[in-house]
Every structure is written in structure tokens, then in C-alpha cells.
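Open the model in your viewer and keep the sequence panel visible. The tour goes from the whole chain to one helix, and then to the surface.

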Amino acid sequence: MASQNHVCGESKKPGKIILFGEHFVVYQAPALSIPVHSLHLVCQANKTSAETFTSSTLSTNVLNTLQAQALSLLGNVNHTFQLDILSTIPMGKGLGSSAALCVAV
């Protein structure tokens, strides 16, 4: 992560465990889940001279897709930034890594 004095914004989101109704939400039915604060994803935006996304846990393909989507949503904004992503949430284990990433970014 970049030093705190260059950080433009930071977001920290927890992992989650679904206790009941894992696939119910797909059918608009209630589910019961709890946050897991010991597992989290931190996303920092920093001012830089070029758009770059870095992560110690995400693959290059995921980062490239994330960068393309974010820049597309921002349109022709003339702001350059670096997005640093650090996660302790295991990917592909149903603990909310994708949701934490989407919300944090």
C-alpha cells in the first residue's frame, strides 16, 4: 500500500459467511449472513501520473478487467490514479471476496 500522505481514498470491506439460504437471494428470498471482520479487503486510491491497478492477491486478468471497467465508468475524466488492492479473503471459497472487491472499489 502507498504511504498514507498520498492516499486520496480508502475503503475496507469484510468477508462474509452465509449461515442460511446461500442461494436463496438469487430467488429474492431471505438469507442470513454475518460479516467476518478478521478477513478483509482494503482498496486505496492514490494520485499518480498514470492509471495503474496493483494487487498482491488478484490475477493480472482480473486487474485488467477491473481497470477497463472502472475507466469506462469514469468516462473521459482527466484524473490519473493508482488503485492498490490488498485482501486477506480467500478467493473462490464463498467468503465474499468478489462482493468485498466490488463494494470497496
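Which pattern does the protein follow, read along the sequence? Colour by secondary structure and trace the chain from its N terminus: the pattern is β-β-β-α-β-α. That makes 2 helices and 4 strands. Keep in mind throughout that this is a predicted model.

**Whole chain**

Select everything. The protein has 105 residues, and 27% of them count as buried. Its accessible surface comes to about 7000 Å², with 58% belonging to carbon and sulfur atoms. If you draw contacts with a sequence separation of 6 or more, 72% of them join residues 24 or more positions apart.

**Helix H1**

Now select residues 60-74, which form helix H1. Put a distance between the C-alpha atoms at its two ends: they lie 21 Å apart. The 15 residues of H1, at 1.5 Å a residue, should span 21 Å, so the two values agree. The expected span counts one less than the number of residues, because it is a span from end to end.

Next, show side chains on H1. Which residues of H1 are buried? They are Leu-63, Leu-66, Gln-67 and Ala-70. Turn the view to look down the axis of H1: these buried residues fall within an arc of 100°, so they line one face of the helix. On the other side of H1, select Asn-61 and Ser-72, which are exposed.

To see what covers the buried residues of H1, add strand S3 (52-55), strand S4 (81-87) and helix H2 (97-104), which are included in that cover. Before leaving the helix, step to Gly-75, just after H1, where phi is positive at about 75°.

**A nonpolar patch on the surface**

Switch to a surface view and select Ile-17, Leu-19, Phe-20, Phe-24, Leu-32 and Ile-34. Together these residues make a nonpolar surface patch of about 550 Å². Which strands each supply at least two residues of the patch? They are strand S1 (7-20) and strand S2 (32-47). S1 gives the most, with 3 residues.

Finish on Phe-20, whose place is in strand S1. Is Phe-20 buried or exposed? Its relative accessible area is 51%. Exposed requires over 50%, so Phe-20 counts as exposed.

Key: Residues numbered from 1 in each chain as written. Predicted model: local features only at pLDDT ≥ 70, side-chain atom pairs only at ≥ 80, totals over all residues. Heavy atoms only, no water. Patch = residues over 30% accessible without salt bridge, like charges linked within 9 Å, V, L, I, M, F, W, Y side chains within 5 Å. Areas by Shrake-Rupley, 256 points an atom, 1.4 Å probe, with all protein chains shown as cover. Salt bridge = Lys/Arg side-chain N within 4 Å of Asp/Glu carboxyl O. Buried < 20%, exposed > 50% of the residue type's maximum accessible area, 1.4 Å probe, protein only. Arc of directions from axis to C-beta. Contact = heavy atoms within 4.5 Å.
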